[in-house]
Amino acid sequence: MSTTAQAPTPAPTKAPPAPIKAKQRLGDRVFSGTALGAGVVILIVLVLVAAFLVIQSIPAFQLDTSDNHILRGESFWTYVGPLVFGTLWASFIALLIAAPIAIGIALFISHYAHRRLAAFLGYIIDLLAAVPSVVFGLWGGLVLAPLLQPIYAWLNTNAAWVPFFQGQVSSTGKTILTAALVLAVMCIPIMTAICREVFLQTPKLHEEAALALGSTRWEMVRMAVLPFARGGMVSAAMLALGRALGETMAVTMVLSPSAVVSFLVLTSTNPTPIPANIALAFPEAHDTGVNTLIATGLILFVVTFAVNALARWIVARRAEFSGAN
């Protein structure tokens with residue numbers, strides 16, 4: 001009589017031990033709470049600023065403008081249109097001038113200059129960011145404008161085939177081009193600093209591989225560094241543009257303002273940016289005139305927000321392929 005062997009019953013398996021929860025230190029909790037609080041405060045301040053601008057701007061959007069000494073019987077959009085144009089036009093010219101110079105300086109510091117020379121140049125460029133805007137305004141109005149006036153006259157005489165250089169040349173040199181040059185000098189430090197850090201983040205293997213294949217240094221920069229840093233350069237340009245859009249004192253002290261829409265850059269009739277108009281008109285504003293100026297500030301707030309949102313969208317498209325983040 002045969003008996004079948006029974007399989008041994010498996011021993012009960014123990015439940016896996018519960019993961020040990022790391023004990024958070026007091027310093028970590030304080031830092032985490034502080035960082036979260038700072039982020040919340042930024043959002044609250046942004047919402048409060050936007051709410052203040054919207055509430056204070058409501059009287060300026062009313063149809064009855066007969067008692068508004070700022071509008072002088074015109075509609076608000078007729079008044080603010082040339083100001084928006086002047087803001088965008090001056091900032092665009094400044095960015096057009098500053099971007100190539102800032103990128104060139106950043107490339108020289110990061111890939112061409114000797115280490116000691118690069119450090120010295122980096123300090124000099126960073127020091128430009130510490131100069132107050134009123135100093136740039138004094139320099140632009142008292143020194144730069146008289147120096148540029150003969151150059152403007154020469155451009156008007158010999159390069160009048162360029163539409164921007166036509167018209168009656170300003171006798172003082174205080175034109176939209178002079179203001180844009182001052183803004184460009186103010187934008188160069190921040191754009192140079194950001195581009196320099198982004199260029200230095202380029203993977204060394206990419207640079208060495210390009211050089212090993214026989215590329216010259218410029219070819220290596222063009223094929224390895226610039227594509228990697230494209231998003232970072234866009235971020236730097238938009239940050240510099242944000243400063244140009246909101247600059248007040250330098251433009252006010254350089255520009256001879258007027259509420260016009262003109263692409264001519266050498267004449268004494270210049271479109272006025274919104275910040276300069278607010279600085280010039282606010283001391284004498286009263287009643288609904290104050291609301292009108294605050295409403296132009298709201299328009300500037302929206303324009304700046306839209307520019308930064310566009311920059312973030314451009315950077316996000318290539319964030320995984322670049323050194324933007």
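**A tour from the whole chain to helix α5**

A search of the whole structure finds 0 disulfides. The model is predicted, and the stops below go from the full chain to a single helix.

**Stop 1: the whole chain.** Select everything and colour by secondary structure. The chain holds 11 helices and 2 strands. Following the sequence, the order is α-α-α-α-α-α-α-α-α-β-β-α-α, with the two strands placed after nine helices and ahead of the last two.

**Stop 2: surface and interior.** Switch on the accessible surface. Its area is about 19,100 Å², and carbon and sulfur atoms contribute 69% of that area. Among the 325 residues of the chain, 39% count as buried. For contacts with a separation of 6 or more, 78% join residues 24 or more positions apart.

**Stop 3: helix α5.** Select residues 176-200, which form helix α5. Is this helix enclosed or not? Of its 25 residues, 19 are buried, so α5 is largely enclosed by the rest of the structure. Next, take the distance between its end C-alpha atoms: they are 35 Å apart. At 1.5 Å a residue the helix should span 36 Å, so the two values agree.

**Stop 4: the bend.** Centre on C187. Here α5 bends by about 35 degrees. A proline, P189, follows within four residues. C187 counts as buried because its relative accessibility is 3%, under the 20% cut-off.

**Stop 5: C195.** Stay on α5 and move along to C195. Is C195 buried or exposed? It counts as buried, because its relative accessibility is 0%.

Conventions:
Residues numbered from 1 in each chain as written. Predicted model: local features only at pLDDT ≥ 70, side-chain atom pairs only at ≥ 80, totals over all residues. Heavy atoms only, no water. Buried < 20%, exposed > 50% of the residue type's maximum accessible area, 1.4 Å probe, protein only. Contact = heavy atoms within 4.5 Å. Areas by Shrake-Rupley, 256 points an atom, 1.4 Å probe, with all protein chains shown as cover. Disulfide = S-S within 2.5 Å. Expected span 1.5 Å × (residues − 1). Bend = angle between axes of the 7 residues up to and from the residue.
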